[in-house]
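Me: I would like to go through this model carefully before I plan anything at the bench. Could we take it topic by topic?

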Amino acid sequence: MGEHVFVSYSRDDQRYVDRLARHLTLQGVEVWIDADIDYGSRWSAVIREQIDTCEAMLVVMTPAAEQSTWVEREIERAEHMGKPIHPLLLDGPPFFRLGHLHYADVRGGKLPPSSLIADLPARPVGAAARLHHLRGSKLPYARAGELPLLRTGDRGEWVVALQGELQRHGLELGAFGGDGVFGADTRRAVRRFQEEAGVDVDGVVGPQTWIELLIR
């Protein structure tokens with residue numbers, strides 16, 4: 001048995017589903033969507049396997065999804081396998097087929113409530129993985145305040161993740177590299193990055209520095 005959540009949706013709703021997948025991943029939920037399929041694979045066999053081994057299914061309900069033969073097949077397989085199904089109403093009326101289930105109202109592009117996410121299988125997300133999912137998206141603007149304030153003397157996985165971001169931007173960290181210690185070399189690299197990014201040069205990594213590190 002896997003620990004992932006299978007998301008059933010129409011490709012017309014890909015933008016919302018991508019945002020949903022990033023959000024759930026940041027909460028520690030492993031998400032599987034059909035964009036993860038290797039195009040050399042047998043599509044139907046992979047879909048069936050991912051449903052059979054999932055812990056639960058999310059169904060993004062829209063008129064396009066209700067008309068989708070694949071969404072219909074995926075729901076049917078999940079029901080056959082006895083998988084918990086959590087409908088998300090993104091647009092249009094709820095699916096007649098899923099009318100007996102409580103749905104989360106995500107119309108307007110809202111993300112699912114924390115009460116639903118709490119019912120999904122989750123595992124702790126490491127600092128590096130969390131930054132990876134924030135990087136290059138619009139999420140840093142909304143999430144930067146949740147990231148730790150880092151300064152000289154700090155140690156641990158968040159410092160390692162910070163050092164990885166600095167190195168990704170081509171900054172040198174001295175002989176010890178990404179050692180998880182916020183020492184003089186890391187502070188020097190932070191100050192250099194802050195100067196290049198046009199933010200306050202104080203050697204402390206707060207929300208604005210995190211944002212600049214992740215959006216570039």
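Reply: A residue is called buried when its relative accessible area is under 20%, exposed when it is over 50%, and partly exposed in between, with a 1.4 Å probe and protein chains only. This is a predicted model, in which local features need pLDDT of at least 70 and side-chain atom pairs count only at pLDDT 80 or more, whereas totals for chains, interfaces and linings use all residues. Residues are numbered from 1 along each chain as its sequence is written, and side-chain values use heavy atoms, with hydrogens and water left out.

Me: What percentage of the 216 residues is buried?
Reply: The C-alpha atoms fill a box of roughly 60 × 35 × 30 Å along the principal axes. Helices (H or I, at least four residues) and strands (E, at least two) are DSSP runs numbered from the N terminus, and the protein has 10 helices and five strands. Of the 216 residues, the buried share is 47%.

Me: In what order do the five strands lie in the open sheet?
Reply: Two strands are taken to pair if DSSP finds at least two bridges between them. The pairing in this sheet is parallel, with β1 and β3 joined over four bridges, β3 and β4 over five bridges, and β4 and β5 over two bridges. The order is β2-β1-β3-β4-β5.

Me: Which strands stand at the edges of the sheet, and why is one side of each left without a neighbour?
Reply: In the open sheet, the strands follow the order β2-β1-β3-β4-β5. An edge strand here has a single partner strand, so one side of it is left without a neighbour in the sheet, and the strands in that position are β2 (30-32) and β5 (104-105).

Me: Which residue in β4 is the bridge partner of Met61?
Reply: Along the pairing of β3 with β4, Leu58 stands opposite His86. On the other side of β3, Val5 has Ala56 as its bridge partner. For Met61, the bridge partner in β4 is Leu89.

Me: Which residues of β4 point the other way from Ile85, Pro87 and Leu89?
Reply: In a regular strand the side chains alternate between the two faces of the sheet. In β3, Ala56, Leu58 and Val60 on one side and Met57, Val59 and Met61 on the other are all buried. In β4, five of its five residues are buried, and those pointing the other way from Ile85, Pro87 and Leu89 are His86 and Leu88.

Me: Is His4 buried or exposed, and which backbone oxygen does its side chain reach?
Reply: His4 lies in strand β1 and is buried, with a relative accessible area of 6%. Contact means heavy atoms within 4.5 Å, and the residues that His4 touches, not counting those up to four places away in sequence, include Glu30, Trp32, Thr53 and Cys54. A polar contact is a pair of N or O atoms within 3.5 Å, where within protein one must be able to donate a hydrogen and the other to accept it, and residues adjacent in sequence count only if both atoms are side-chain atoms. At 2.8 Å, the side chain of His4 reaches the backbone oxygen of Gln50.

Me: Why do the buried residues of α4 line one face of the helix, and within what arc do they fall?
Reply: The buried residues of α4 are Val71, Glu74, Ile75 and Ala78. The arc is that of the directions from the helix axis to the C-beta atoms. Seen down the axis of α4, these buried residues line one face because they fall within an arc of 95°.

Me: Which elements are included in what covers the buried residues of α4?
Reply: At the start of α4, a side-chain oxygen of Ser68 comes to within 3.3 Å of the backbone nitrogen of Trp70, while just after the helix Gly82 takes a positive phi of about 70°. The cover over the buried residues of α4 includes β1 (4-8), α2 (43-52), β3 (56-61), α3 (63-66) and β4 (85-89).
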